[in-house]
Each structure stands twice: as C-alpha cells, then as structure tokens.
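Please open the structure below in your viewer and keep the selection tool at hand. The tour goes from stop to stop, saying what to select and what is there.

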Amino acid sequence: MMKKQNLISLYKKLILIRLTEEAIALKYQEREIRCPVHLSIGQEAIAVGVCENLKKDDIVYSTHRCHAHYIAKGGDLNRMMAEIYGKVTGCAKGRGGSMHLVDLEAGFWGATPIVGNSLPVALGVAFANKLKGNKKAVAVFIGDGTAEEGVFHECLNFAVLHKLPILFVCENNLFSVYTHLKERQHTRPIYKIAEAHGMEAYQKDGNDILEVYKISSSIIDHIRKGQGPAFLEFMTYRHREHCGPFYDDQLGYRDQKEVKYWLKKDPVTNFKKYLLDHKVILETEMEKIKKEAMGKITRALDFAKKSKFPKQEKDFRKLIYAK
Amino acid sequence: MQSNTYTKAMNEALDSCLKKDKSVFVIGLGVPDPKGVFGATSGLRKKYGPKRVMDMPVSENALTGVCIGAAINGMRPVLTHQRVDFSLLALDQVINNAAKWYYMFGNQQSVPMVIKLTVGMGWGQGPQHSQNLQTLYAHIPGLKVVAPATPRDAKGLIISAIEDNNPVIFIDHRWLHETFGPVPEDHYKVPIGKANVIKKGSDITIVSTSYMIIETMKALNLLNELGIKPEVVDLRTLKPLDEKTIFNSVKKTGRLLVTDLSHREFGVAAEIISRVSENPKIKLLTSPQRITAPDFPAPSSPALSEHYYPRYTDIALKVVEMLEADKDRLAKLIAKDKESNKIPHDVPDDRFMGPF
Ligand SMILES: Cc1ncc(C[n+]2csc(CCOP(=O)(O)OP(=O)(O)O)c2C)c(N)n1
C-alpha cells in the first residue's frame, strides 16, 4: 500500500477538483459566469493520478476540459476562477475564459479548445526540452475525439521518431459531445494506435485513482530516463453534459445501463470508501479536508467576484505582438 | 406565407434537397444528435436514414477531402461545422483541392459540395470559437461564399448552394439562428451572386451581410428619427460579389458605409470600398467608411467583448458623422434606446442561456 501521506495528498486534490467544479456548476446558474464550461466531474482521478507524479517544472497541456488538469498541476485557484468570471486578475487576463487556462509558474502551459490543437504544441515543448538537454517531462491531456484528427497520428510518429520525453494521456470518456465512440472509431482500442507507432502504451481504469497513480509513476520514470514517449489511455465517464453545468441524460443519447455502471464507479466515492475501509483516514479527518477545500473555493469565488473587469487597451498592437 | 426561424428555414432547405435529389447527403459532427447542429439537421436522420444523414469522426480535414471525392464521383455532399474555427483544420482540402479541382484539371470534373459553417459570438466564446473568417474564404478563387441574413434567404441559398456545381461556403451566424421571418414553403432558390436592396433610401448606401444586417436595421430606427434615409444593400453572397447592385445604389446616394464582422485589415469591407473607388463613374460626396471587427482576436470576458463587436449605435454614429447630421440628437436617442433595452450585450436575446 502507498504511504498514508501520499494517499491523503491524492484525496485532497481529488476533492478540491470535485468541489470546485460543483461550485462552478452551481454558480453558473447566477449567469455571472458567462463563458462555456466543460466540467470534468467523474473524470478527476486521471488528472490527479498523473499530475501527482509530475514535478513543479514539468509541463502540462490540456483541452477544453481543462479545470481538473489545471488544479491537479497546482494551478492557482483564485486566478482560474477569476478567468472564468472574465476578470482582469484571471490567469489569461480574461481573454481566454474557461477553455484557455494557463499557469506558467505551476507548469501548466495552456489549454486550447480546438480538438487536437494543443497536442503538437506540447510535443514541440518536449522537443525543445530534449534539444536543451533538461530532464523535464511533458504530459499532454487529450480526449478520445483527438484520436480521430490527423494531427494525433502525426504527433505519435514524430514523438517516437525523436524519442521525445512526453506522456500522452487520453481520457476516453466514450463520447464526443453526444456521439458515442463506436459511431466514430473502429473497435480497436486507442492505445493500440500508439503501440503500433512503437511506444509504450497501456489502457487502464481511469476511475481507479490508485491504478492511475501507479502506472503514471512507472511510465513517467521511463520518460525521464530518456526511454522515449509513452501513451496512457484511461477509461472514464463524464457525469454531466458535455458543455455546461447540468445533467443531460434526459436527452437519451447515453445508454442508461452505461450511465449507471459508471456512476457506480465514481472515482471520488470509491476512493473515499477505500481510504475509510483501509483506515487510512477517519471520517472526521475527511470532513476537515473537505472543509479546507471549501474554504479555498469560497476564497477563490470571492476573489473572482471582487476582482475588476479588464479594460480595453487602446493600442491593440501591444496585445498581439511581443516587443 | 409561413413564418419561421432561420434554423428551421435551413432545416427545410436540407429536407427539400434530400427529398428531391438522391445524390445529396448531409454529414458533420452532431448532425443526427439531439441538438441537430442548432436544429438545422433535426429530424432529417429519421426521414432519410443513416446513409444520407450522418455523424462523422472528429476528422475535419479528411472528411472534407472525402466529400470532395464523393462530389467528383456524382454525389452532392453538405458538410457542416458548428464553428467556422473548426473548418480551419481542413483548409488544405478546401483551398488546395475543392477550390482548384475544376480549373487545374482542365475543366473536366467539378466539385459540387457545400460547407456549412456557423460563426460564434458572445457568451465568452473567445479567441478560438468566434472567428468571422468570411474574408479568408472569399479570397480564394474557385470558392463561392454566401452569408444570408434572413430565414428566407437562408433557405433559398442553401438550395442554390446544393444545386450549384461548385464548392460553396455557406456561413450562418449563431445570433441569426432564432431570428424569425417569412419563409416560402416550396423548393425555391435565391440566386448566388445577387445582392438585395432591403431598404430603399437616398442619403447613404450601407452595404452589409449576415448578422450585421440586424445591427444595421436597428441603426436605421435611430437614423430615421433624425430624418436620415439610408439605403441598405444585403449582399447575401460575398463571392461572386454583386458589384452592380452596389454601384447602382452608391451612384444614387453618393455615400458608402460597409458594415462587416470580419477583421478590418484586408477584409470584406476593404474589398467593397476598393471596387467602388475603382469605378470612374461613381463620384462620392464623402470618403467611404467601414465598420468592422477590430484587428485582434475576440476576447472571452464580457467586459472586453462589449467593446469588441461593432453595434447598431456605432453604425448610427458613423452615418451621422458622414452626413454631418445632428450628433447631439443622436446621442439622446441612443441614451433613450439603451434605457428601454436592457438585454446584456453578450447574448442574442433574453432567453439565451449559453453555453454555446
Ligand atoms: C477541431 C474541432 N472540431 C470540433 C470541435 C467541437 N468539439 C468541442 S469538444 C468536442 C468533443 C471532443 O471529444 P473528446 O476529445 O473525446 O473530449 P471530451 O469532450 O469528451 O472531453 C468537439 C467535437 C472542436 N472544438 N474542435
């Protein structure tokens, strides 16, 4: 079994992400958050299990569904919330919104919402790391939809060709918006594509945080040793609608049996149970951790709401060209 | 005549073409899903089956090429993207192949396909989900580009686009989807390459397209109160451009203002002003002007987007400036108007709840 303090650290992040996104979902209905939000509720174990194995100066890239990755990598919660509220104190000064989080200090170098868009950029960062000879690892999060874009295949090839220090993390939640994976891809698993390109690749249960942690730990080690890129496909499921704060199973696009199956596999509930069953932590301690997380979230919301809105700069050239 | 939303009009057009011509098929992300591309494709799967109304992998570039191939081989594909921004992944196929095929192989095979794009705006869409790239497409020889503003034109232009033997880029706008207007029930065409004078007037010609027509018509309410009578030309088609209608109007009014939501530099408005300026028969009373989006990306924050998009007030102010009319009276009218109209600037109407 992992050390108690590591397990608790996983739990703290997991619960912080879950509660943050639940708070966003709730606040969304006040209509002060005025941008699309793609929540990771149900998929958080992957972000946490992977990022716990990264160092502060390792680098992460992500997609439209980026809140969990940002928080797991240690991104500043206040600035994330301010960004979602469109404030000048936001991590992108309000220009990007929820889909464009960034925190360079925390090693979260950015998220973009065009499918497959940040993937080659992450690869380029890894390429430069290799040229510079440093030991930093890069992890790039993608969805199952990305595996359908040409750039995905081009990147896998290039990564192997140059033995780049990058970890591809595919969160396979079975859906692209309302469309099931089987309507979009042949039955071969996604990780097999990476394997065929010649890199280490595995498919694991993304809702089992310990499994995510374990495989990430060994694979990131492998990457750091300069043994080339690796690919992890994690099976998971989102609880809520593709974009927005609500549940949308009334639309009937997901098989109810499938939904039930995955709700039972909720990573937060199950990890809680694990920690209690194995007496890693007492219920009271758990409550305390939850309270601490709630405190952080309340402060972040407060920070966001109290922050000023950005003002439009007159000379826009300053905004688009570096000196 | 029935009245319908813009979205329903698009839906009727697709329905009508699928019914009429077996070679038509509709493909795109979410085409058969519960939202049906904002409603444009709703119900079509049920009527015409999965072989003609279909979803696709998230593979914009490949599928564009696939549609080109299918078009060359006798089909009439309609490919949809829910944002203009997503179509950028397919620029190679669109620009290098679809636009040139007919020319570069000696006029032997043409590419009768439609690419339907939606422009996003407001609700924090931000830099990668709300680009107005009509200029980009209109720059490419071999493409036709249409961007209707009314439900009636939307239906008629989709039908024309599908029946055209060339690649047509059909651009709609998220804020037009719920607008309402008369739509004939039959299978009718609005010709590609034909502008429409939607408001007769004598003082100034305002040339506009797509969603900017809505803002322009709102500006007219203010201007009419000042006794100013603009003529409004709805281009409907950007490429090929209907110069004649523009020229005729500007000859009459002697003044030209172009409103368009693409970026200013090298944009649609720049092209129209050039054409008018090049015409030796047109004598302008005052220098032509344009109202466009600025030359930086669209921001997400509502505080920034509020100043990003040109609105009806900017149009009215510009017209008053060009005509040297009463600015103070306009300012008062605008203040009154803002008082009675409290819809937030980043939503098309009060009911809009996002998220996209
Ligand atoms: C190039 C491109 N095409 C389409 C879209 C619209 N879109 C936004 S998210 C999304 C789903 C992608 O699915 P997946 O990669 O599995 O990620 P998930 O949303 O499930 O996390 C799509 C199709 C987009 N953003 N970019």
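Begin with Glu265(B) and Arg317(A), whose side chains meet in a salt bridge with an N to O distance of 3.8 Å. The model is a predicted one.

**The interface**

Stay where chain A and chain B meet. Across this interface there are two salt bridges, and 11 residue pairs are in polar contact, both residues being at pLDDT 80 or more. Select helix 12 of chain A, residues 317-320: with three residues, this helix gives the largest share of the side of chain A that touches chain B.

Now colour the contact residues of both chains. Chain A brings 39 residues to the contact, and chain B brings 39 residues. About 3,100 Å² is buried between chain A and chain B, with 62% of that area coming from carbon and sulfur atoms. Next pick Arg31(A), Arg34(A) and Ile114(A), which supply 21% of the area that chain A buries against chain B, more than any other three residues.

**Salt bridges elsewhere**

How many salt bridges does a search of the whole structure find? Over all chains there are 32.

Select Glu30(A) and Lys27(A) to see one of them, where the side chains meet at 3.4 Å, N to O. Glu30(A) is partly exposed at 39% relative accessibility, and Lys27(A) is partly exposed at 22%.

Move to chain B and select Glu231(B) and Lys252(B). Their side chains form a salt bridge at 2.5 Å, N to O. This pair links distant parts of the chain: Glu231(B) sits in strand 11 (residues 230-234) of chain B and Lys252(B) in helix 10 (residues 243-253) of chain B, 21 residues apart. Is Glu231(B) buried or exposed? Glu231(B) counts as buried, because its relative accessibility is 3%, under the 20% cut-off. Its partner Lys252(B) is partly exposed, with a relative accessible area of 47%.

Then select Lys342(B) and Glu339(B), a salt bridge whose closest N and O atoms are 3.5 Å apart. Both Lys342(B) and Glu339(B) are exposed. Before leaving the charged pairs, go back to chain A and add Glu32(A) and Lys305(A) to the selection of Lys27(A) and Glu30(A): salt bridges that share partners join these residues into one network.

**Two buried residues**

Select Arg18(A), in helix 1 (residues 4-28) of chain A. Arg18(A) counts as buried, at 7% relative accessibility. Show what surrounds Arg18(A): leaving aside neighbours within four places in sequence, its contacts are Ile41(A), Gly42(A), Glu44(A), His239(A), Asp266(A), Pro267(A) and Val268(A).

Go on to Thr80(B), which is found in strand 4 (residues 76-81) of chain B. Thr80(B) is also buried, with a relative accessibility of 1%. Not counting residues up to four places away in sequence, Thr80(B) touches seven listed partners if you display them in turn: Val26(B), Ile27(B), Gly28(B), Leu29(B), Val31(B), Val37(B) and Lys116(B).

**A patch on the surface**

For the last stop, select Tyr103(B), Met104(B) and Phe105(B), which make a nonpolar surface patch of about 370 Å². Where in chain B is Phe105(B)? Phe105(B) lies in the loop between helix 6 (101-104) and strand 5 (114-119). With a relative accessible area of 42%, Phe105(B) is partly exposed.

Terms used
Residues numbered from 1 in each chain as written. Chains lettered and ligands numbered in written order. Predicted model: local features only at pLDDT ≥ 70, side-chain atom pairs only at ≥ 80, totals over all residues. Heavy atoms only, no water. Patch = residues over 30% accessible without salt bridge, like charges linked within 9 Å, V, L, I, M, F, W, Y side chains within 5 Å. Areas by Shrake-Rupley, 256 points an atom, 1.4 Å probe, with all protein chains shown as cover. Salt bridge = Lys/Arg side-chain N within 4 Å of Asp/Glu carboxyl O. Helix = DSSP H or I, 4+ residues; strand = E, 2+ residues; numbered from the N terminus. Buried < 20%, exposed > 50% of the residue type's maximum accessible area, 1.4 Å probe, protein only. Contact = heavy atoms within 4.5 Å. Buried area = accessible area lost by both parts, 1.4 Å probe. Polar contact = N/O pair within 3.5 Å; in protein donor to acceptor, adjacent residues only side chain to side chain.
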